[in-house]
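This report describes a single protein model, with attention to helix packing, aromatic contacts and backbone geometry. Please consult the sequence and coordinates shown below while reading.

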Amino acid sequence: MAMDKRIEDLIELTKGKYGLDRYYLHNWDISRRITIFNKTEYTLSMEWFPNHLKEWNDEDYSPKGTASIEIDIHSKKSRSVIFVGGVSYAEKIRFDVNEKKEIIRWMEKETGLNYGEQFEIWKEEEREIHFKEYINGFDVSPSGYMECHFDEEGRLTFFSVIGEFHSKNLVHEETYTLTLDQIFYDRIYSVVIRVVDKRNSKCVELLLDDNGNLIPVRDSSVAGGILVVIASIIQIFFLINLNVDKILLLDEQFSQISNKYVEPFISFIKELCADTGLKIILITHDQKFMQYGDRTYLADKGKFTLQETKAVQTA
């Protein structure tokens, strides 16, 4: 394969960045992939052999000490750096494994990501550090992962970026208010969802706005039926925004809701189903709910029987 100037430059960049003076380039290749963000990426894969293995002819496996490196051609950022067998003859990338700040600064420079805003330490093992994607302290899905391994002298022997990390411009933070007047028609209820800082981390806080009085939803004064409605709505909105089959199982979900609010709640859910393609399976012992289903099955002694019912139109 002919090598153009861009590839030559990337190879020289890699050699200098990782201090591969005691290595020679054994082979290289270019691959193409589509990310989960529908972005096309081209990767330069290189295999560097230690200089003392000039006569290596076995193509079935790489010798110990081989440096296998993948770099994104556009960003020039490394996707993986693997020294086979955990043996490195490169001297440039070396750390005191007890100095996490130094390693984190290198990770930020190498990936273009910001620690604390886009990734954090997830777990640590002996001479290994595993990182996970967090957006300003919040877990995200799907998440990107990274890990680094070091030998006893602190040389980098393994670095890998797994999955995709969300760009900061795709993330938008703000306080949301969810009004509940369609369900609790005779009360002035809404739910405030906001991000707060607590103990050097961020969390989501849910507050019930009862006619201007903000109450944490976990407060004992918040009725069980209101909690059920709030939890159900949050479940539904998460589900309809995930790339999965939109089927939600509700088990005795209405048992704590006052009878006068049941029909407005069902009406609200049915509107969501019609608008989003969401399907809900409701399990209940109360047969009055049969009239609201598009299809109803009666379970008796392990057998399910389709019931002839006509769904009512909710207001």
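What covers the buried residues of helix 4? The cover includes helix 3 (224–240) and strand 15 (279–283). The sections below set out this arrangement and then turn to other parts of the chain.

## Basis and overall composition

The model is predicted: local features need pLDDT of at least 70, side-chain atom pairs count only at pLDDT 80 or more, and totals for chains, interfaces and linings use all residues. Residues are numbered from 1 along each chain as its sequence is written, and side-chain values use heavy atoms, with hydrogens and water left out.

The secondary structure comprises four helices and 17 strands; these are DSSP runs, numbered from the N terminus, with helices (H or I) of at least four residues and strands (E) of at least two. Of the 315 residues, 38% count as buried. Here buried means under 20% relative accessible area, exposed means over 50%, and partly exposed lies in between (1.4 Å probe, protein chains only). Among the contacts with a separation of 6 or more, 47% are between residues 24 or more positions apart, a contact being heavy atoms within 4.5 Å.

## Helices 3 and 4

Helix 4 (residues 259–276) contains 18 residues and reaches 26 Å from its first C-alpha to its last, close to the 26 Å expected at 1.5 Å a residue. The expected span of a helix is 1.5 Å times one less than its number of residues. By that rule the 17 residues of helix 3 should span 24 Å, and the end C-alpha atoms of helix 3 are indeed 24 Å apart. In helix 4 the buried residues are Y261, V262, P264, F265, I266, S267, F268, I269, L272 and C273. In helix 3 they are G225, I226, V228, V229, I230, S232, I233, I236, L239 and I240. Helix 4 is followed by G277, with a positive phi near 80 degrees.

Two packed helices are described by the angle between their axes and the distance between the axes. Helix 3 and helix 4 pack at about 0 degrees, with their axes 12 Å apart; axes are lines fitted to C-alpha atoms, for helices over the stretch in contact, and angles run from 0 to 180 degrees between N-to-C directions. The two helices are therefore roughly parallel to each other, the class for angles under 35 degrees (over 145 is roughly antiparallel, 65 to 115 roughly perpendicular, and the rest oblique). At the interface, V229, S232, I233, I236, F237 and I240 of helix 3 meet F265, F268, I269, L272 and T276 of helix 4.

## Aromatic pairs and ring–charge contacts

The structure holds nine aromatic pairs. Rings of Phe, Tyr and Trp (its six-membered ring) pair if their centres lie within 6.5 Å; planes under 30 degrees apart count as stacked, over 60 as edge-to-face and the rest as tilted. One of the pairs is formed by Y24 and F49, edge-to-face at 6.1 Å centre to centre with 75 degrees between the planes. This pair links distant parts of the chain, since Y24 lies in strand 1 (residues 23–34) and F49 in strand 2 (residues 40–50), 25 residues apart. Both Y24 and F49 are buried. W106 and F159 also form an edge-to-face pair, at 5.3 Å centre to centre and 80 degrees between the planes. With W106 in helix 2 (residues 100–111) and F159 in strand 9 (residues 156–162), the pair ties together parts that are 53 residues apart in sequence. W106 and F159 are buried, and they join F95 and F150 in one aromatic cluster.

Charged side chains also meet rings. The charged end of K54 sits over the ring of Y24, 4.3 Å from its centre, and that of K132 sits over the ring of Y134, 5.0 Å from its centre. The criterion is NZ of Lys or CZ of Arg within 6 Å of the ring centre and within 35 degrees of the ring normal.

## Loop residues with positive phi

Although not a glycine, K76 has a positive phi of about 65 degrees. K76 is located in the loop between strand 3 (67–72) and strand 4 (78–83), and its 46% relative accessibility makes it partly exposed.

R127, likewise not a glycine, has a positive phi of about 55 degrees. R127 belongs to the loop between strand 5 (119–125) and strand 6 (128–135) and is partly exposed at 31% relative accessibility.
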